[in-house]
Amino acid sequence: MEPQSDNSSEQQQVQPQRRPRGFAARAAAEATAIEMESMSPNDSGLTGGGGGKGKKEREREKERTKLRERHRRAITSRMLAGLRQYGNFTLPARADMNDVLAALARQAGWSVDPDGTTYRSSPAPPPTMPITPSPMIPYPVRSIESPVSTTALKNCSTKTPLDCQTPVLRIEGNLSPAMSLDSAVVAGPKNEKYPSVNPVNSTRCLEADQLMRDAGPQEHVDDYSGTPYVPVYVMLPTGVINSFCQLVDPEGIRQELTQLKSLHVDGVVVQCWWGIVEGWSPQKYTWSGYRDLFDIIRQFMMKIQVVMAFHESEVNESGDVLVSLPKWVLDLGRDNQDIFFTDREGRRNSECLSWGIDKERALKGRTGIEVYFDFIRSFRTEFDDLFVEGLISAVEIGLGASGELKYPAFPEKMGWAYPGIGEFQCYDKYLQQSLRKAAKVRGHLFWARGPDNAGQYNSRPHETGFFCDRGDYDNYYGRFFLQWYAQTLIDHADHVLSFASLAFEGTELIVKIPSVYWWYKTSSHAAELAAGFYNPTNHDGYSPLFNVLKKHSVTIKYVCPRLLYSGEGNDEAFADPDGLSWQVLNSAWDSGLPIAGQNALSSYGKEGYLKILETAKPGNDPDSHHMSFFVYQQPLSLLQSEFGFSELDSFIKCMHGNSFDSA
């Protein structure tokens, strides 16, 4: 009887649990159902077989949920990019639905406080005279009633401009994060040109491209008068200095500079080649040819930007390589080929040194960083007088292939052709050691390898298991590898710039960023990943890099996308040069970095020059951002070119804040 009394007393002490209601009840029921589904008869603890199986199933479901979430975020990012590009919405880089709603409300005439308080502002008095566009804005601002997506464009009519009457914002239906922005209809006042009472039920609709032409800039398209002054520099040809560091044609240089002076160019860019100055023996620097060149430029009182070129020069029109790496470095490479970048097949690329030897004494007792610093210090000492005079205005630090901060993932001499995805360049023994160390720190030593399903140089993303939609690039191993690959690029820039900042203290430093725009509309951004930028649709690959560059107070020189890419099968390549430019430029400006530009191809037509101007001076930027300077390059010197100077002259005038005159 005594045990029974104990049980009864314990039952009396137990308080009955409250029964969940409403949302809590539904959530509890769903949790119970999931738990029951994952359990098996052996989950009671008597045997250990069923519990492990249920746990694996739950892990797989978590992974599927993460994939669905990443897919949703990718769609959201594309819609937000469309709002920024075509609707002039000033949305932050990682905008959410609150930012979208606030932007819609502000453009409809409401005031939105930071805490979310929304109220109607006092209406402004009607203007007594016609409002004319400001000369500071080369393009008219698009109407706020621009559709928010291509789908909405095909289902609504054009609205009246802001100065006709007070617009009214109406959002049809509920707008939630789970909904597509295409389901939101922004309604405004009627337009006499395109009458429509109901924008959703109207039978008179326009195609998206027609609407974009009507809403886009049509007036003052060539008028850049009153815009900010952007200095223009012209890059001198590579062949002005020969392999013995001698000035080839002094009189030709004078004629070239005379022509540039007549075009009101602000300065010139001179590439100082490592393969020429330290070409024959380590730590024996020859600067005589560059001294003669700088003395001539000084006579014309033009500014000089200098490039520390630690790479192999590009191929000229005849197919011959003009400048290679130093001869003594190439000799070392015959005995130790791992000082060069290497692809999966073991092919070596001598465009530049592998970043794996940045801290390895593989260059006759010196590390890669020490070799770069010795060269930089020698230049700074040799031309100290030019720095004191202020003749040298900036120094660009070469950080990779073509002087750009990137892996040499697209070598034409290896057979690459646009729009191939390229290949990872991390198979020399030094980078492989770094990868093994990173995998060991992560606790997964079997991850110390490059992907074996990433295709070849001319593969397409969907042809590979790594870059295809839901491919290995986004699983646990893929994210680890790409993070390490991109971090190696960032570390290289950080190490070299740390020493360059010491040598060139007080002088503007420049870092060249490429535009890898093909396959940008795919989920993986395969070409960017191969080049070292971990920038798929669900990951921002430029902000971490720019945060490091901000530490060294550098100016980013962005290589403007190729102007003639439309004839290269851009639809097949899912290319989006404008989308990439928007991301890179705004990410840099958000990080507080100044932006400069450089053309990737010579463009002799007015259309090409206007495209550069649109990038250098975005007319719809509410913060009035613009490039700090622009570098114009061409394969041949101006004296050897077969085109006139009128359009180039007009282009420079527009950069300086004048109108485009194609006469």
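This report is a short tour of a predicted model, from the whole chain down to single residues.

## The chain as a whole

Let us start with the broad view. The protein chain has 663 residues, and 49% of them count as buried. Its secondary structure comprises 19 helices and 12 strands.

How do distant parts of the sequence come together? Among contacts in the protein chain with a separation of 6 or more, 73% are between residues 24 or more positions apart. Aromatic rings also meet here, with 47 aromatic pairs found across the whole structure. One of these pairs joins phenylalanine 379 and phenylalanine 387 in an edge-to-face arrangement, with 6.0 Å from centre to centre and 85 degrees between the planes. Phenylalanine 379 and phenylalanine 387 are both buried.

## Helix α14 and its partner α13

Helix α14 is a good place to look at packing. Two packed helices are described by the angle between their axes and the distance between the axes. Helix α13 covers residues 429–442 and helix α14 covers residues 476–503; their axes come within 11 Å and cross at roughly 130 degrees. At that angle, α13 is oblique to α14. The crossing of these two helices, α13 and α14, is right-handed.

Which residues of α13 and α14 meet? From α13 come Leu431, Ser434, Leu435, Ala438, Ala439 and Arg442, while α14 supplies Phe480, Phe481, Trp484 and Thr488. By character, the residues of this contact between α13 and α14 are 7 nonpolar, 2 polar and 1 charged. When reading such lists, it helps to recall that an α-helix has 3.6 residues a turn, so residues three or four places apart point the same way.

## Helix α14 and its partner α11

Helix α14 also packs with helix α11, which spans residues 368–382; the angle here is about 25 degrees and the axes lie 10 Å apart. Angles under 35 degrees count as roughly parallel, and α11 and α14 are therefore roughly parallel to each other. The crossing of α11 and α14 is right-handed.

On the α11 side, the contact is made by Ile369, Tyr372, Phe373, Ile376 and Arg380; on the α14 side, by His492, His495, Val496, Phe499, Ala500 and Ala503. The residues of this contact of α11 with α14 divide into 8 nonpolar, 2 polar and 1 charged.

## A covered helix, α19

Is helix α19 mostly covered or mostly open? Helix α19 runs over residues 646–655, and 7 of its 10 residues are buried, so it is mostly covered. The buried residues of α19 are Leu648, Asp649, Ser650, Phe651, Ile652, Cys654 and Met655.

What covers the buried residues of α19? The covering elements include strand β3 (232–235), helix α18 (606–616) and strand β12 (630–632). Just after α19 comes glycine 657, with a positive phi of about 105 degrees.

## Valine 559 in strand β10

Valine 559 sits in strand β10, which covers residues 554–560. With a relative accessible area of 6%, valine 559 is buried.

Which residues does valine 559 contact, leaving aside its neighbours within four places in sequence? They are Glu404, Lys512, Ile513, Pro514, Ser515, Gln598 and Ala600. For valine 559 and alanine 600, 41 residues apart along the chain, the C-alpha atoms are separated by 6.0 Å.

## Backbone details in the loops

Some backbone angles are also worth a look. Most residues other than glycine have a negative phi, and most peptide bonds are trans. Tyrosine 418 and proline 419, however, are joined by a cis peptide bond, with omega about 5 degrees. Proline 419 lies in the loop between β8 (392–397) and α13.

Serine 402 is likewise in the loop between β8 and α13. Although serine 402 is not a glycine, its phi is positive, at about 60 degrees. Serine 553, also not a glycine, has a positive phi of about 55 degrees, and its place is in the loop between α16 (543–551) and β10. Are these two serines buried or exposed? Serine 402 has a relative accessible area of 17% and is buried, whereas serine 553, at 59% relative accessibility, counts as exposed.

Conventions:
Residues are numbered from 1 along each chain as its sequence is written. This is a predicted model: local features need pLDDT of at least 70, side-chain atom pairs count only at pLDDT 80 or more; totals for chains, interfaces and linings use all residues. Side-chain values use heavy atoms; hydrogens and water are left out. Axes are lines fitted to C-alpha atoms, for helices over the stretch in contact, and angles run from 0 to 180 degrees between N-to-C directions. Helices (H or I, at least four residues) and strands (E, at least two) are DSSP runs, numbered from the N terminus. Angles under 35 degrees count as roughly parallel, over 145 as roughly antiparallel, 65 to 115 as roughly perpendicular and the rest as oblique. A crossing is left-handed if the near helix is turned anticlockwise from the far one by less than a right angle, and right-handed if clockwise. Contact means heavy atoms within 4.5 Å. Ala, Val, Leu, Ile, Met, Phe, Trp, Tyr, Cys and Pro count as nonpolar, Asp, Glu, Lys and Arg as charged, and the others, Gly among them, as polar. Buried means under 20% relative accessible area, exposed over 50%, partly exposed in between (1.4 Å probe, protein chains only). Rings of Phe, Tyr and Trp (its six-membered ring) pair if their centres lie within 6.5 Å; planes under 30 degrees apart count as stacked, over 60 as edge-to-face and the rest as tilted.
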